[in-house]
Amino acid sequence: MNSPKEPENSPSTPRIGLKNKLIRTMIVVGTLPLLLAMVISYVQGNKSVQEVIGASFQALAFETATKTDFILREEIAKNSHRASHPTLILAARGQNQRLTGVDDADLEEHLAAALASWKPGGEPTHPILQNAGSRVLKSFLKAGGPSAEATRAMYVTDARGILVSSINFHPAILGADDPAQKKVMAEGEGFVYLSDIHQAHGKGEYVFHLAVPIMNFEKKIFGIFHRIYSAKKFFSPSIEPIIFGETGHVMMINSDGIVIDCPILPTGTRLPNPELIKSVTGPEANWAQTRGDGHGSEDLSIIGYAPLLETNTILNASSGKKWFTFAWQASQELFAPTRKLFQWISAAALISILLIVFMGSLASDRIVQPIRRLQNTTARIGRGEEVEPLEIRTGDEIESLAEEVNTMNRLLSEAFLGLEDEVRKKTKALIYLQEYTESILMSVPDVLLIFNENLTLQYVNQAFEKLTGAAGKDVEGKSLQGLTQEFTEQWAFLAKELTRFSSGTSSIGPGAPAASGEPRDPLAPKVSDEEGDQRNTINLGSHVYVYQFFHVNVKADDKNPIGLLMRDISEEKALQDQLTMAEKLSGLGTLAAGIAHEMNNPLYSIMGYTEAILDEKDTGKIQTFAEKILSRARHMASVILNMSGYTRSKATDTTQDVNLNERLDAAIEMALMASYSDNIELVKNYSPLPLIQAKPEELQQIFLNIIRNGVQAMEGKGKITISSSRLDGNIVTQISDTGPGIPREYLSKIFDPFFTTKEQGKGTGLGLNIVHRLVGKYGGQIKVDSQLNSGTTFTITFPIPPTH
């Protein structure tokens, strides 16, 4: 019994490999090497074409530069020969001799008379235009030619620059300040002046100036022969006829990229591309591939250029400039051979591929047709068209590929549907976000106003509408001035502040200066809220608003709007008043702690002297101890008055002449007595000092706090070194100890109130803060230098009063 036949293309049917059906050798050995060879041929051919074009342009520019160089050299030689004409030599020498003995007054009178009659459009019978030298100059132009047509002025000046002869009214009577006159007279024999192009009299057509010396046989310069040419007229006969193709031509520029002559661009036009100018003004003839051609196109271009070597030697010595020629052709026309080459190579490649495909189709049309169907279907899928699923039954890899294409088509269709849904969702989300943002702005409890660049209202939120009772649409486009009938003065004030903020003259905004970072004395009365609150407030009825202007950052090319935010701080103000009262009560507690801190040492001293009086029989010593007790008591009273600031005003403070050395001794005695130690070595280096105006108790308190800290840091054992001197108009006091030193990270904090490195209960952190305040009170300065395990040195400087 025969087994049933399996259906064609069933999964169990073995598929024939695609490699056995395709003409592998024809594709691999024929098509790929052919394409590679064609690409290489195109690249090399394109490169060769560009090199040939560049070399041709270079040769053309060089030939033109050489020709122009020759024309200028011949023109210079002819004018040098004309400058040796006997009549011109006699005219220049004669004027020099006539004016040699003339004094300045007569010379000025002569020049004034000449200037009065010398003006454009004057009488052609003017003596200067009719003298022998002028007739010779005019005869030079009768020969005609391009140089004669290009001549705009020809004249002779004497050694002083005063006009001798001229063909027209173009030159000035006195040309002593003319660069050509100065340069030729300064350089002397053999020097030729050639200027860069410039506008005649600062306007009109562009000209260049040629000047050569007029000398006798003894090589003495009597004057200068000048000739001014129209740049366009002079160079166009040799430059503009050189045209190749429809757009190709040669042009001439200077080293700054200014056009001297061009068939297209006007003379005097500056090439806009600095990179192009740099590329075509090299020291030798060459060609360059640049982006831009100087004629308004930014396409890739090939330019050949060459300097006028001999002319540039003269030109550079005269004006520091150089001239160049360069050959150019429009990119569209220039790269036409390259495009033609590409078209031929592409056509050859296409024909070769078609032949291979045709031969392949002849070998196996059954394979090619499904591939074409796959190609057409995938192309339509790529264009986004809707296609039916492919039905290909070849039993090989092509069938698998068709199935994959069908799967891809299905997935792309699903993806596009999902993408459309996503776009709709994003659009809906964007609209929601816009509405949400608008809702947030309208819900902000603070008043918000946005102004456009004209300082008129662009947006207001609901809080503003609630404050003023005016709808937002009714106030849009209005200014703050007279915004509503209520609070007119306040709106006028805010309008002025807005104007100042927009002009940058107001600091009412996020950049307002911050409070000072100086350490504050906790024992001194705090600044009142009215003085310390730097916020800008305005009263609207019974409410107090703090306001702030700010810039609204939008796109960089737009003018940023300005915002005004107003927050109701009426309740906050009331709470702040309550906090201010509580802070004052807290300050009284801090004051008490400071007084206790400063009373401790004098009190110990009084107790010591009291005990000594009880045990002493000598009335003299008892008298001395009693005086010291009285001194310490007065010190305590002064400290109380000095630290309180609540019981007495500064107006009642009295100062007197004080000797710092005496205050140092008193502070040393108190500090060492309180230490109860005999292991402290004291070294004093005092210099005679002038008296200063101060309260002696306050100076003593400064030194006592520093010395006492040093004694405590050494734990009763070490060396205290104290010196005083007069230096650069100041009294300088140094107090050093040999204690463990202050860590570097603490040095910036030691003058802060309540900062201490001592154990809890052994220090309040107020001593050095008080020192810092008292030193500053007398215009002094205090510095600290400390090394770990080596000790600490405090340097206190007080200015010496002018009377001393």
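These are my notebook entries on a predicted model of one protein chain.

**Entry 1: the whole chain**

I began with the totals. I counted 24 helices and 24 strands in the secondary structure of the protein chain. The chain has 804 residues, and 40% of them count as buried. I then looked up the exposed surface, which comes to about 45,500 Å², with carbon and sulfur atoms supplying 56% of it. For contacts, I took those between residues at least 6 apart in sequence; 63% of these join residues at least 24 apart.

**Entry 2: strand β1 and its partners**

I asked why strand β1 can be called largely enclosed by the rest of the structure. Strand β1 covers residues 151–158, and 7 of its 8 residues are buried, so the rest of the structure largely encloses it. The cut-off for buried is under 20% relative accessible area.

Next I looked for the strands that pair with β1. One is β6, residues 221–230, which pairs with β1 in the antiparallel sense over 7 bridges. Along this pairing I found T151 opposite Y229 of β6. Another is β2, residues 163–166, which is joined to β1 by 3 bridges and also runs antiparallel to it. Here I noted that Y155 has S166 of β2 as its bridge partner.

I also checked the turn. The hairpin of β1 and β2 has 4 residues between the strands, and in it G161 takes a positive phi near 90°.

**Entry 3: a sheet of five strands**

Which strands form the open sheet, and in what order? I read the order as β14-β13-β17-β16-β15, 5 strands with antiparallel pairing. The edges are β14 (457–460) and β15 (537–540), each of which pairs on one side only. From one strand to the next, the twist averages 25°.

Inside the sheet I followed β16, residues 543–551, and β17, residues 562–568; these run antiparallel and are joined by 7 bridges. In this pair, Y545 has D568 of β17 as its bridge partner. I then looked for a helix on the sheet and found α18, residues 488–502, packing there. Helix α18 touches β13 (447–451), β15, β16 and β17, and its direction makes about 25° with that of β16.

**Entry 4: a nonpolar patch**

I turned to the surface. M408, L412, F416, L419 and V423 form a nonpolar patch there, with about 440 Å² of accessible area together. I picked V423 for a closer look and found its place in helix α15, residues 397–443. Is V423 buried or partly exposed? Its relative accessible area is 47%, so V423 is partly exposed. As a reminder to myself: an α-helix has 3.6 residues a turn, so residues three or four places apart point the same way.

**Entry 5: helices α23 and α24**

My last stop was helix α24, residues 767–777. I listed its buried residues as G767, L768, N769, I770, V771, L774 and V775. After α24 comes G779, with a positive phi near 75°.

I then looked up E698, which lies in helix α23, residues 696–713. Its relative accessible area is 1%, so E698 is buried. How many residues separate E698 and V775 in sequence? They are 77 residues apart in sequence, and their C-alpha atoms are 9.1 Å apart in space.

Technical notes
Residues numbered from 1 in each chain as written. Predicted model: local features only at pLDDT ≥ 70, side-chain atom pairs only at ≥ 80, totals over all residues. Heavy atoms only, no water. Buried < 20%, exposed > 50% of the residue type's maximum accessible area, 1.4 Å probe, protein only. Helix = DSSP H or I, 4+ residues; strand = E, 2+ residues; numbered from the N terminus. Pairing = 2+ DSSP bridges. Patch = residues over 30% accessible without salt bridge, like charges linked within 9 Å, V, L, I, M, F, W, Y side chains within 5 Å. Areas by Shrake-Rupley, 256 points an atom, 1.4 Å probe, with all protein chains shown as cover. Salt bridge = Lys/Arg side-chain N within 4 Å of Asp/Glu carboxyl O. Axes fitted to C-alpha atoms, helices over the stretch in contact; angles between N-to-C directions. Contact = heavy atoms within 4.5 Å.
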